[in-house]
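Got a minute to go through this fold? Here it is, with a few questions to follow.

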Amino acid sequence: MSESTKPRKKTAGKSRSKASTSPKKRADKKPKLTARNADKHVLYQLAVQAPELDAKIYSRWFKRYTGRDLRVLREDFCGTAVLACHHVKRHPDNVAIGVDLDGPTLDWGREHNVARLLDQEQQQRLTLLQENVLDVQAPKADAILALNFSYSVFNTREQLGAYLKNCYRSLKPGGVLYLDSWGGPDVLKKKTDKRRVKGFQYHWEQRLYDPISHRIVCAIHFAFPDGTKLKDAFVYDWRLWTLAELRELFVEAGFEDTHVLWEGTDPKNGGGNGKFTRKEKGDMDECWITFVVGRKPGAPRRSK
Ligand SMILES: C[S@@+](CC[C@H](N)C(=O)[O-])C[C@H]1O[C@@H](n2cnc3c(N)ncnc32)[C@H](O)[C@@H]1O
C-alpha cells in the first residue's frame, strides 16, 4: 500500500511505485531541484505516496471484505487529497470526500491535484472539507482511510476513541475503516533514515521517543544536489500507538472483525514485499508498517 513516511520494514531505500503522478519526461526538462525552487508538497507526494496504486489496493480489499464495489471513500487527514482524486478517477460512480484541517494544504491540493488530475465531471464527485475529522459524519462512506499515521495526533485513549467512534458513525452499515500503523525496535531509535528520490533526498528523522508517554516526534527534511536543504518541511508530534491498543479501541468503538493486515517479507533483502495478509501473530521485524481494519456491522460479509 502507500509508501508511507517511514521506510517500510527493514528497507530504508524502497523506491515508490511507478504508478505515481510524476510525469517523468517533464521532470527531466525541469531545472535542478534546490531548496529555493522546490515545493514541499510535490516532494512529499513523490517520496511518500503511491496514490494510484493505493486507490486500487483499498478498493480490492473492500470488495474482498464486502462483495461490493467501493464507491464512497472518505480520506481523513487527506492533506493534498491526491488519493481521493485517484479514487474518483477509477470509476464513473466513485465519489470521494477528503477531510483536513489545513486550508492552505487543501488549496494546494485543489490547484495541483484536483485541477490537474480530474476533469470537470470528476471534480463534481470530489468534496474537500476543511474540518476536524472529529466533526464530520456525512455523507456516509463505504470506507474511511486514515493514512500515514495521521490519527497519531490524538494522544489519549479518550481522543483516539472519540475519533474511531466518529468514524463508526460516519460509515454505512458494513463499511470498512483502515488505519495504518508502524512499530518495531528501529522506530524507537533516535536517527535519520535517508533515501534517494529522483532529484532529491528524502530524510526521515526520528527526533524524540518517550517510553513513558509513547510521545514520538519525527520530521521530514529534503536535501538537494546543490547542498541546500528544506529542513523540517513536515514535523509530526505524535503518540506511537501499539497494534494491541488500536485493536482494543476499534472494538470499543463498535467495529467487528477487527484485524491486522501484515506485510510479507522479501527474502532477497529482508524488506517488505508489498503483499499483505491477515495475521494474528506478527513477525519480530526491526521496523514494520501494517494496517488495522474494522467493519461496521450491518451488511453481509463476504470473505476474510
Ligand atoms: C501526515 S499528513 C497526511 C497526509 C496524507 N493523508 C498522507 O497519507 O500522506 C497529516 C494531515 O492531517 C491533518 N490533520 C491533523 N489533525 C487533523 C484533524 N484533527 N482533522 C483533520 N485533519 C487533521 C494535517 O493538516 C495534515 O494535512
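Q: Which strand does helix H8 run at about 10° to?
A: This is a predicted model, so take the geometry in that spirit. Helix H8, residues 243–253, lies across S5, S10 and strand S12 (288–295). The strand that H8 runs at about 10° to is S12.

Q: In what order do the strands of the eight-stranded sheet come?
A: This sheet is open, and its pairing is mixed. Strand S3 (126–130) and strand S11 (272–279) stand at the edges with a single partner strand each, so one side of each has no neighbour in the sheet. Going across, the order is S3-S2-S1-S4-S5-S12-S10-S11.

Q: What angle does the direction of helix H7 make with that of S5?
A: Helix H7 (residues 157–170) packs on the eight-stranded sheet. There it touches strand S1 (72–76), strand S4 (141–146) and strand S5 (171–183). Its direction and that of S5 make an angle of about 145°.

Q: Which residue of S11 stands opposite Thr265?
A: Strand S10 (residues 256–265) and S11 pair in the antiparallel sense, over five bridges. Opposite Thr265, S11 has Gly272.

Q: Which strands are at the edges of the four-stranded sheet?
A: That sheet is open and antiparallel, with the order S6-S7-S8-S9. The edge strands each pair on one side only, and they are S6 (191–197) and S9 (229–239).

Q: Which residues come nearest the ligand?
A: There are 16 residues around the ligand. By class, that shell has eight nonpolar, six polar and two charged residues. Those that come nearest are Phe77, Gly79, Asp102, Leu147 and Asn148.

How values were computed. Residues numbered from 1 in each chain as written. Predicted model: local features only at pLDDT ≥ 70, side-chain atom pairs only at ≥ 80, totals over all residues. Pairing = 2+ DSSP bridges. Helix = DSSP H or I, 4+ residues; strand = E, 2+ residues; numbered from the N terminus. Near = placed C-beta within 6 Å. Nonpolar A, V, L, I, M, F, W, Y, C, P; charged D, E, K, R; others polar. Contact = placed C-beta atoms within 7 Å. Axes fitted to C-alpha atoms, helices over the stretch in contact; angles between N-to-C directions.
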